[in-house]
Amino acid sequence: MSEKLDLLLDVRGVSKHFGGVYALNNASLSVVRGEVHALIGPNGAGKTTLIHVLSGALPCNGGRVVFDGNDLERRSMHERVTLGLARSYQITNIFTRLTVLDNVAMAVQSRVRDWGSSFSFWKPFSLDSAIIGEAHALLAQVSLSGMANRLAGQLSHGEQRSLEVALALATKPKLLLLDEPMAGMGPEESERMVGLIEHLAQQVTILLVEHDMDAVFRLADRISVLVGGTVIASGSPEAIRGDAEVRRAYLGDEVA
Amino acid sequence: MGLYATTTRRRIAAVFVLLGLVALPWGMRLIGQEFYVSFASRVLIMALAATSLNLVIGFGGMVSFGHAAFFGAGAYCVAVLAESGVTSAWLAWPAATGVAAALAVFVGAISLRTRGVYFIMITLAFAQMVFYLVVSLKTWGGDDGLPLLQRSAFGSLNLKDDSTFYFVVLAILAFVLFMLDRIAHSRFGRVIQSIRENEVRMEALGYPVFSFKLVCFSLGGALAGLAGALMANQAGLASPNLLHWMQSGILMVMIVIGGVGSVFGGVVGAVLLLVCEEAFVEITPHWQIGLGLLLLAVVLWAPLGIAGLFGWGRNRE
């Protein structure tokens with residue numbers, strides 16, 4: 001109470017409708033610098049739509065999004081990444097016909113502030129050893145070092161999910177939007193992903209959309225609940241667990 | 001393994017092919033077929049035009065069906081400049097390249113807001129607009145085209161000599177191929193090839209995708225303009241055929257046969273297509289049926305084109 005919260009992301013009353021259907025209806029949410037903030041909600045609640053609106057893939061119909069002091073309205077997708085807002089995809093979105101190393105190197109190379117622009121036509125990329133070295137380090141971080149020269153399309157589902165996170169991480173974001181990183185994973189793979197996110201949480205603020213409640217309650221510092229396009233509750237995991245409205249709307253018997 | 005065009009073996013092969021091409025005029029003189037030197041120039045110019053389209057389609061993933069507009073713009077630029085007394089190649093050829101580049105920036109800035117079939121159609125529409133505009137201009141010769149009374153002046157070299165002209169064309173093509181190889185392995189080249197693979201992901205990694213595509217598209221247009229300038233010199237005419245949509249189609253067929261996204265794809269396709277045409281048109285006017293079958297076979301069994309079959313394609317190290 002004594003000190004003002006350091007807000008990294010402030011979503012104020014954002015709405016998004018497709019025709020007459022509201023996917024987001026006056027949704028508000030704030031992410032504090034340094035936390036893991038989980039966004040949960042039943043299927044169709046608008047979680048992925050919110051990620052799309054935050055990343056700039058979809059324009060919103062109303063409300064404001066302020067990220068790190070910048071109003072994101074009119075900022076294109078790539079500008080938002082440059083500001084430090086990176087996302088992963090619920091449905092794996094990688095370069096399947098490139099090697100795993102080339103995937104990550106492409107993501108590392110995107111940081112103009114570190115390497116200068118990619119409008120460089122003459123110098124062979126193979127001489128950019130700093131970029132390639134960092135790509136290797138990132139692969140080690142997500143336990144994919146052994147796969148560096150495989151085509152990304154040949155990886156297992158779990159490995160592709162790790163690569164997906166590595167791509168977002170390689171842009172050195174201030175806020176990492178993870179859209180269901182455990183989607184489609186078995187228990188062992190999920191366990192590894194939880195370990196990875198715990199590790200990442202020490203370096204970067206995370207907004208995590210996830211269905212796996214065990215993972216959410218283990219990882220999250222705070223949780224927001226999205227139902228029918230509106231955030232009906234935000235708070236600590238304990239507070240959310242005890243919230244009668246949340247239990248009725250969503251959690252049901254999952255937390256007995 | 002990887003998708004970015006690369007290889008050492010391919011470069012060694014290229015040097016040998018280049019040596020063979022350098023020797024070609026003497027070889028033709030030896031067997032008394034000097035006519036074919038001029039034909040060879042035409043083949044190399046078409047190879048240059050196809051290579052420029054390959055940069056756009058093969059590397060950038062932008063299926064443009066209006067490339068003839070830039071090709072023809074270069075040709076008309078040289079012919080129009082010659083009419084007004086500018087015959088120096090040092091002025092006319094860069095001007096042709098620049099005019100084609102400017103046209104490509106304009107067409108690209110509008111067309112690249114669309115995707116897929118819409119992009120194909122809008123580039124075609126722009127090219128057809130240019131075609132009908134030029135054909136309707138009586139001062140530029142209308143349907144007959146604009147004759148180029150003499151070849152451009154190129155320092156102390158006499159371009160009227162077919163062998164000299166051939167060497168100049170060969171040097172330009174070799175340099176452009178070397179440049180394309182450098183670009184393919186540069187940061188820019190890797191970015192456009194990754195955009196071809198997954199445009200949305202590139203945007204989500206923070207790349208200004210539109211700018212990269214526009215630069216690639218314009219670079220392709222500029223090189224097509226240069227090819228057009230050479231073509232006007234070779235043919236002694238800036239013909240409206242160079243602007244016609246069939247020309248765009250022929251260039252596209254060349255890179256599909258030769259190898260989409262491989263540095264030498266345009267050259268292989270242009271040589272194969274034009275040599276086949278030259279060889280078979282005497283035998284039967286229906287030789288294009290054979291071409292159709294070849295195209296079908298390539299698309300079905302060798303999607304990386306002939307260059308891909310020889311390991312020169314983009315999938316091989």
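Student: What makes S6-S7-S8-S3-S9-S10 of chain A an open sheet with edge strands?

Tutor: This is a predicted model. In it, six strands of chain A line up in the order S6-S7-S8-S3-S9-S10, with mixed pairing. Strand S6 (85–87) and strand S10 (230–235) each pair on one side only, and these are the edge strands. From one strand to the next, the twist averages 20°.

Student: How do you know that S3 and S9 of chain A are paired?

Tutor: Count the bridges. Pairing needs at least two bridges between the strands. Strand S3 (residues 36–40) and strand S9 (residues 222–227) of chain A are joined by four, so they count as paired. The two strands run parallel. One bridge partner to look up: Leu39(A) has Ser224(A) in S9(A).

Student: Why does one side of S2 and of S5 in chain A lack a neighbour in the sheet?

Tutor: The sheet is open and has four strands, in the order S2-S1-S4-S5 of chain A, with antiparallel pairing. Strand S2 (21–32) and strand S5 (70–71) stand at its edges with a single partner strand each, so one side of each has no neighbour in the sheet.

Student: What makes S1 and S4 of chain A a pair?

Tutor: Apply the cut-off of at least two bridges again. Strand S1 (residues 7–18) and strand S4 (residues 62–67) of chain A share five, so they pass. They run antiparallel. Asp10(A) stands opposite Val66(A) in S4(A).

Student: Which helix lies across S1, S2 and S4 of chain A?

Tutor: Helix H1 (residues 47–55) of chain A does, and it runs at about 65° to S2(A).

Student: How do you know that domain 1 and domain 2 of chain A touch?

Tutor: Domain 1 covers 1–84 + 173–256, and domain 2 covers 94–171. Their centres are 26 Å apart, taken over C-alpha atoms. Contact is judged residue by residue, with C-beta atoms within 7 Å. By that test, 11 residues of domain 1 meet nine residues of domain 2 in chain A. On the domain 1 side, strand S7 (175–179) and helix H7 (187–200) of chain A give two or more residues. H7(A) has the largest share, four residues. By class, this side has nine nonpolar, one polar and one charged residues.

Student: What makes up the side of chain A that touches chain B?

Tutor: Contact here joins 30 residues of chain A to 25 residues of chain B. Helix H2 (77–83) and helix H3 (100–109) of chain A each supply at least two residues of the chain A side. That side divides into 14 nonpolar, 12 polar and four charged residues.

Conventions. Residues numbered from 1 in each chain as written. Chains lettered and ligands numbered in written order. Predicted model: local features only at pLDDT ≥ 70, side-chain atom pairs only at ≥ 80, totals over all residues. Contact = placed C-beta atoms within 7 Å. Nonpolar A, V, L, I, M, F, W, Y, C, P; charged D, E, K, R; others polar. Domains from an automatic or database assignment. Axes fitted to C-alpha atoms, helices over the stretch in contact; angles between N-to-C directions.
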